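User: I would like to go through this model step by step, from its overall make-up to the ligand site. Please give the cut-offs as the terms come up.

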Amino acid sequence: MQIYNTLTKRKEEFKPIEPGKVRMYVCGPTVYNLIHIGNARPMIVFDTCRRYMEHKGYEVNYVSNFTDVDDKIIKKAIEEGVDSEVISKRYIAECKKDMADMNVKPATTHPLATQEIGGMLEMIQTLIDKGHAYVAKDGTVYFRTRSFKEYGKLSHKNLDDLQGGNRSLLVSGEDQKEDSLDFVLWKPKKEGEPYWESAWCQGRPGWHIECSVMSKKYLGEEIDIHAGGEDLVFPHHENEIAQSEAANGKTFSRYWMHNAFLNIDNKKMSKSLGNFFTVRDISEKYDLQVLRFFMLSAHYRSPLNFSADLMEAAKNGYERIVSCVTNLNYLLENAKADAYLEGEKAIADQLAEYEAKFDQAMDDDLNTADAISAIFELVKFVNTNVSADSSKELLNAMKAKIVELADICGLIVEKKAGILDSEVEELIAARTQARKEKNFARADEIRQELLDKGIVLEDTREGVKWKHI
Ligand code: AMP
Ligand code: ZN
């Protein structure tokens, strides 16, 4: 598999440190609010990368943190008059719910920054001992950026250019730094903020040190892939490299993957610009599988512009695959022949060609856009090669292939109950009729029958609403 490596600015053949195993770290969200669909992009993209690698037979140790100590969390806690922990716990739970609804697998480990302070104190001390960090008068610990000779290698920035851009900081009160390029590892608490004891001051960690430490603890000093959105390249990932490599004396991560932005009107979707939709907003209008399909319909390194039209197109595209599988299920229920009929084996053999196309696209730096096109071609091939006479063996082979490829993309294309929408509607009508006739036993029976098939009913003033569990 080829992966575009931000570090070398080219596609490289992926070779894991340990054969058959992948150690992958994806920077997770800061939890002070519901996540927006821009945050969902790296979640969906790198979950798909993980799924594809697992499909190829790798065992993937996937670590993704929650940043649960941060200015924004503290601000929100003050606004609500509660502890920061109340805020972070609430939004971690909400984030996990959104992830589950987007069919993003839980990470092997989801570490929390606040639970890893001990490791951070240790790494900061190592950096001080090695001369890569120093303690300022007020107890702030800074990383001595120029002491790490390779600083700038990820973002391809030149230290002197950076210095120019940073000069204003020196004037703005950060003058306890030896150099404007230096960044914070540990900072003193302010009144009312959460803090931990340390040798330097009561305080809390800087953001970058968290990831260096959590990655080391759960994946080791050297990892295969480190990933996140492209806004993290500088300074976050550049600083992580400096900290980890200066402390451990080893290459931190071999491959660096970054997704491009999800935009609105060609501007980055972000909390600060206020131009965002939360995943929860989208879930009110669409099945989140449609959102997932939308994200994967573009290559992860291309900017993706969010629009109502594109979401509608994604809905149609996703439903095309779902209808094909629903139709296969219907044909399967009614098929007469079990084993391949004449000529069917040859058709089944052709299914592998579509999988090969799919793999070829995914092997090319996770080209999910082309991989989805391969699924569409497969759907078209299936639709033109099935009939009411097809054997179960052929129908099953076709269904298995579509479901398998969709599953690598994390797309659920088989309605759990295997029940058609029209069948649900018919049963609901029968239940309504039974209730009119005061035959409540029958009405309850129908409700239960639907529930067994994964459909829940809700009686509202506007009528009966239903959804898949
Ligand atoms: P944050 O909570 O802002 O640290 O973001 C969590 C993750 O979402 C990081 O990997 C960011 O790079 C990513 N991210 C934030 N906004 C966007 C966006 N508009 N498009 C793509 N990725 C984003
Ligand atoms: Zn990080």
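Analyst: Helices (H or I, at least four residues) and strands (E, at least two) are DSSP runs, numbered from the N terminus. This is a predicted model, in which local features need pLDDT of at least 70 and side-chain atom pairs count only at pLDDT 80 or more, while totals for chains, interfaces and linings use all residues. Residues are numbered from 1 along each chain as its sequence is written, chains are lettered from A and ligands numbered from 1 in the order in which they are written, and side-chain values use heavy atoms, with hydrogens and water left out.

User: How many helices and strands does the protein have, and into which domains is it divided?

Analyst: Counted as such runs, the secondary structure comes to 15 helices and 15 strands. The domain bounds, which come from an automatic or database domain assignment, give domain 1 (13-259), domain 2 (312-408) and domain 3 (421-468).

User: Where does the largest nonpolar core lie with respect to the domains?

Analyst: A nonpolar core is a set of buried Ala, Val, Leu, Ile, Met, Phe, Trp, Tyr and Cys residues joined through side-chain atoms within 4.5 Å, where buried means under 20% relative accessible area (1.4 Å probe, protein chains only). The largest one has 93 residues, among which Met53, Met102, Ile225, Phe358 and Ile402 touch the most other members. Helix H10 (residues 308-334) gives the most to this core, with 10 residues. Because domain 1 (13-259) and domain 2 (312-408) both contribute residues, the core lies between domain 1 and domain 2.

User: Which atoms of Thr30, Asp231 and Met269 lie by ligand 1, and how much of the ligand does the protein bury?

Analyst: Taking polar contacts as pairs of N or O atoms within 3.5 Å (within protein, one must be able to donate a hydrogen and the other to accept it, and residues adjacent in sequence count only if both atoms are side-chain atoms), a backbone N or O atom of Thr30 is 3.2 Å from a ligand oxygen atom, and a side-chain N or O atom of Asp231 is 2.4 Å from an oxygen atom of the ligand. For Met269, a backbone N or O atom lies 2.8 Å from a ligand nitrogen atom. With accessible areas from the Shrake-Rupley method and a 1.4 Å probe, ligand 1 taken alone exposes 490 Å², of which the protein buries 88%.

User: Which element gives the most residues to the shell around ligand 1?

Analyst: The shell, made of residues with a heavy atom within 4 Å of the ligand, holds 16 residues. Helix H1 (37-55) and strand E9 (223-229) are the elements that give two or more residues to this shell. The largest contribution, three residues, comes from H1.

Terms used
Buried means under 20% relative accessible area, exposed over 50%, partly exposed in between (1.4 Å probe, protein chains only).
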